[in-house]
Amino acid sequence: MELGIPQSFSRVLSSMCTEPHPAAREAAERFIATNPGDPGTYDTVADLESTVVDRLGEVAGLDEPAGYVASGGTEANVQALRLARNRADTPDPNVVVPASGHFSFTKAANVLGVELRVAPLDGYTVSLEAVEELLDADTVAVVGVAGSTEYGRVDPIPALADLTADAPGDPLLHVDAAWGGFVLPFTDYAWGFADAAVDTLTIDPHKMGQAVVPAGGLLAREESLLAELAVDTPYLESTSQITLTGTRSGAGVASAVAALDALWPDGYREQYETSQANAEWLAAELRLRGDEVVSPTLPLVAADIGTEAIDAVRDAGWRLSRTERGEARFVMQPHVTRETLCAFLTDLDRLR
Ligand code: 0PR
């Protein structure tokens, strides 16, 4: 069968994935037939996984991180809530999540049998008063978002850490930096382990990290937190497993090492600066055209260009998605260059 050709990234404006770094692509191909889920057999890739975790710790401000390479942000978020639930001693656990939280938290609550308490926003970030009101003795985790999916906004993580520390049920603080984790180190935001009493954190090499899919990351401040996830694996050489999936992609792991090797920190910093400049440039261009734009505090622009315009540019081949409120959402991934944006604006001006 003719497989066809995968999409080109030249008109993809709303994806959080991107063209992998060439070294990441090469590493993925080399390790395609490995399984870090069985470290007794696939020891080279298992060692590489420890390297990824150490490197992600550097990115997120943690000296001796525990963690693993997950299939993506969804698995990392599910696992963070799972370990919080397992650690707590309540038959009726709940988790407080900002309304801006990714829908993976809804899946997590569903599979884990945990009540999801959605805290409304104050503008684009979570209302601290609302979080405080929702906390009770059965709260096992509080979630903060560092780079929200729709608007790229960062919750006040240190203030959430204070609320978490004072909460009656001794909950954990989980930060979702699945997308933001590779740009936030170059900003003034307080978001990571070095900035606040964060217990667990999601950071995905396969988003801004320029690794191949699947490469997500779950980090924990203490190894003992991950131990909450361990199940016995009687017939493997290793005796227990903390991951959610069994057989896993060594390609993702190897590609993450290669991408981090090539890009941390200077390459990622340069990419952040380029992406942020492009976000601000696009925001200014759209404002000149009279469109309402949500100021891009990270490299993600949401703009109300009108439903008809979105449909028209989509018909012209642009892959553009919208926020729940209907704004066009431009994610400044590495493949979204100034030339891409100029070509987009030319089409937009022609079509509306
Ligand atoms: N946390 C945040 C903050 C996210 O933005 C996402 C995904 C996740 C967790 C879940 O990560 P995984 O998708 O790796 O499990 N955000 C994007 C979204 O839902 C994912 C995406 C990626 C969508 C590429 C489209 C696309 O082309 O919008």
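In the predicted model, Thr90 is located in the loop that connects helix H3 (73–87) with strand S2 (94–98). The relative accessible area of Thr90 is 19%, and because the limit for a buried residue is under 20%, Thr90 is classed as buried. Two polar interactions involve the side chain of this residue. Within the loop region, a polar atom of the Thr90 side chain lies 3.0 Å from the backbone nitrogen of Asp92. The side chain of Thr90 also forms a polar contact, at 2.9 Å, with the side chain of Asp138. When neighbours within four places in sequence are set aside, the residues in contact with Thr90 are Asp138 and Val140. Asp138 is thus both a contact of Thr90 and its partner in a side-chain polar contact.

At the level of the whole protein, the secondary structure consists of 11 helices and 15 strands. The radius of gyration is 20 Å, close to the 20 Å given by the globule rule for 352 residues, and the protein is therefore as compact as a globular protein of that length. Along the principal axes, the C-alpha atoms occupy a box of roughly 65 × 50 × 40 Å. Of the contacts between residues at least 6 apart in sequence, 70% link residues at least 24 apart.

Buried residues account for 55% of the 352 residues. The exposed surface of the protein amounts to about 15,100 Å², of which 48% is contributed by carbon and sulfur atoms. With regard to charge, 24 positive and 54 negative side chains are present, and the centres of these two sets are 8 Å apart.

Conventions. Residues numbered from 1 in each chain as written. Predicted model: local features only at pLDDT ≥ 70, side-chain atom pairs only at ≥ 80, totals over all residues. Heavy atoms only, no water. Helix = DSSP H or I, 4+ residues; strand = E, 2+ residues; numbered from the N terminus. Rg over C-alpha atoms; globule rule 2.2 N^0.38 Å. Buried < 20%, exposed > 50% of the residue type's maximum accessible area, 1.4 Å probe, protein only. Contact = heavy atoms within 4.5 Å. Areas by Shrake-Rupley, 256 points an atom, 1.4 Å probe, with all protein chains shown as cover. Lys, Arg positive; Asp, Glu negative; His and termini not counted. Charge placed at Lys NZ, Arg CZ, Asp CG, Glu CD. Polar contact = N/O pair within 3.5 Å; in protein donor to acceptor, adjacent residues only side chain to side chain.
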